[in-house]
Amino acid sequence: MFSMATGPMMMPSQYVSLFLMWSIMMAAMMGPTFVPTMRAYEDLIISADGSRAGSIGVVLGFFAVWIGFAAIIAFAQNTLVDFGLLNAMGASVSTALSSGLLITAGIYQFTALKGRCLAHCRSPVMQFLAHWHPGFGGGLRMGLHHGVFCVACCWGLMVIGFVGGTMDLLWMGGATLMMTLEKLPDIGRWLTKPLGVALICWALIVLAF
């Protein structure tokens, strides 16, 4: 049996604190990556039947998905802390966990799913036109749709926060920069696979030392 203090059963207040922390971090980190998407919708307000209510729906839908992801990753962090795999700052104290997260994130950079999600995120105008729904409800639906692709694109760079610590400002800034650049068509196509190689090499270094 595990106690509430040391086992995998989480204290509600501890989980709520982690959830709020991750929600704030998600908003701060994903905001810059979302700018081209909102610019694309703003253009459609002029050239199509987009609306201000629709743009609000897009924003709410997008961040609702990321808040859902925040709930999942906060639960994961709480559980890993309870099992002694993360310290109080959210940093891994396990070589196996650190290398496993890095290798997984690195390999994911080469997958077809990653490529599909990046293609979606790099062409927001085309995605809006292909899945167009007017009004607030339509914007909400499109925001949720885009948010799912965005989470599927970026989750790997999020979870490696557990390697150095989820409160590490260097990781937050670096991950935000990488996720933003990856979604730029002209730059991102030269970045995705080299970033995967770098993550795998980092994992090997962790294993070696």
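How do the residues of the lining of the largest pocket divide into nonpolar, polar and charged? The exercises below use a predicted model.

**Exercise 1. Describe the largest pocket and its lining.**

Solution.
Step 1. Start with the volume: the largest pocket has about 240 Å³.
Step 2. Find the residues. The lining has 14 of them, and those closest to the pocket centre are I160, W171, G174, A175 and W202.
Step 3. Assign the elements. α7 (161-164), α8 (169-182) and α10 (192-208) each supply at least two residues of this lining. α8 gives the most, with five residues.
Step 4. Sort by class. The lining of the largest pocket divides into nine nonpolar, four polar and one charged.

**Exercise 2. Do the same for the second largest pocket.**

Solution.
Step 1. The second largest pocket has a volume of about 160 Å³.
Step 2. Its lining has 14 residues; closest to the centre are G115, L118, R122, T192 and K193.
Step 3. Two elements give two or more residues to this lining: α4 (112-122) and α10. α4 gives the most, with five residues.
Step 4. By class, the lining of the second largest pocket has five nonpolar, five polar and four charged residues.

**Exercise 3. Classify the ring pair of Y41 and W132, and locate both residues.**

Solution.
Step 1. A pair of aromatic rings is described by the distance of the centres and the angle of the planes.
Step 2. Search the whole structure: there are 10 aromatic pairs.
Step 3. Take Y41 and W132. Their ring centres are 5.7 Å apart and the planes are at 20 degrees, so the pair is stacked. The cut-off for stacked is under 30 degrees.
Step 4. Locate the partners. Y41 is in helix α1 (residues 12-47), and W132 is in the loop between α5 (124-130) and α6 (135-159), so the pair ties together parts 91 residues apart in sequence.
Step 5. Check the accessibility of Y41. The value is 0%, so Y41 counts as buried.

**Exercise 4. Classify the pair of W66 and F69, then find a ring cluster.**

Solution.
Step 1. The centres of the W66 and F69 rings are 5.4 Å apart, with 85 degrees between the planes; this pair is edge-to-face.
Step 2. Both residues lie in helix α2 (residues 52-82), three residues apart, about one turn of the helix.
Step 3. W66 and F69 are both buried.
Step 4. Now the cluster: ring pairs link W22, F162 and W171. W171 also appears in Exercise 1, among the residues closest to the centre of the largest pocket.

**Exercise 5. Describe how α2 packs against α6.**

Solution.
Step 1. Two packed helices are described by the angle between their axes and the distance between the axes.
Step 2. The axes of α2 and α6 come within 6 Å and cross at roughly 35 degrees.
Step 3. The crossing of α2 and α6 is right-handed.
Step 4. The contact of α2 with α6 has 20 nonpolar, eight polar and no charged residues.

**Exercise 6. Which residues line the cavities?**

Solution.
Step 1. Count: two cavities have 30 Å³ or more.
Step 2. The largest cavity holds about 70 Å³ of space. Its lining is T37, H120, P124, Q127, F128, H131, M142, H145 and H146. α5 and α6 each supply at least two of these residues. The classes are three nonpolar, six polar and no charged.
Step 3. The second largest cavity has about 30 Å³. T33, P36, T37, C121, H146 and K183 line the second largest cavity. α1 gives the most to this lining, with three residues. By class, there are two nonpolar, three polar and one charged.

Conventions: Residues are numbered from 1 along each chain as its sequence is written. This is a predicted model: local features need pLDDT of at least 70, side-chain atom pairs count only at pLDDT 80 or more; totals for chains, interfaces and linings use all residues. Side-chain values use heavy atoms; hydrogens and water are left out. Rings of Phe, Tyr and Trp (its six-membered ring) pair if their centres lie within 6.5 Å; planes under 30 degrees apart count as stacked, over 60 as edge-to-face and the rest as tilted. Helices (H or I, at least four residues) and strands (E, at least two) are DSSP runs, numbered from the N terminus. Buried means under 20% relative accessible area, exposed over 50%, partly exposed in between (1.4 Å probe, protein chains only). Axes are lines fitted to C-alpha atoms, for helices over the stretch in contact, and angles run from 0 to 180 degrees between N-to-C directions. A crossing is left-handed if the near helix is turned anticlockwise from the far one by less than a right angle, and right-handed if clockwise. Ala, Val, Leu, Ile, Met, Phe, Trp, Tyr, Cys and Pro count as nonpolar, Asp, Glu, Lys and Arg as charged, and the others, Gly among them, as polar. On a 1 Å grid over the protein atoms alone, a cavity is a set of points where a 1.4 Å probe fits but cannot get out, and a pocket is an open set with protein on both sides within 12 Å along at least five of seven lines; lining residues have an atom within 4 Å of a point. Grid points are joined across faces, edges and corners, and a volume is the space filled by probe spheres set on the points.
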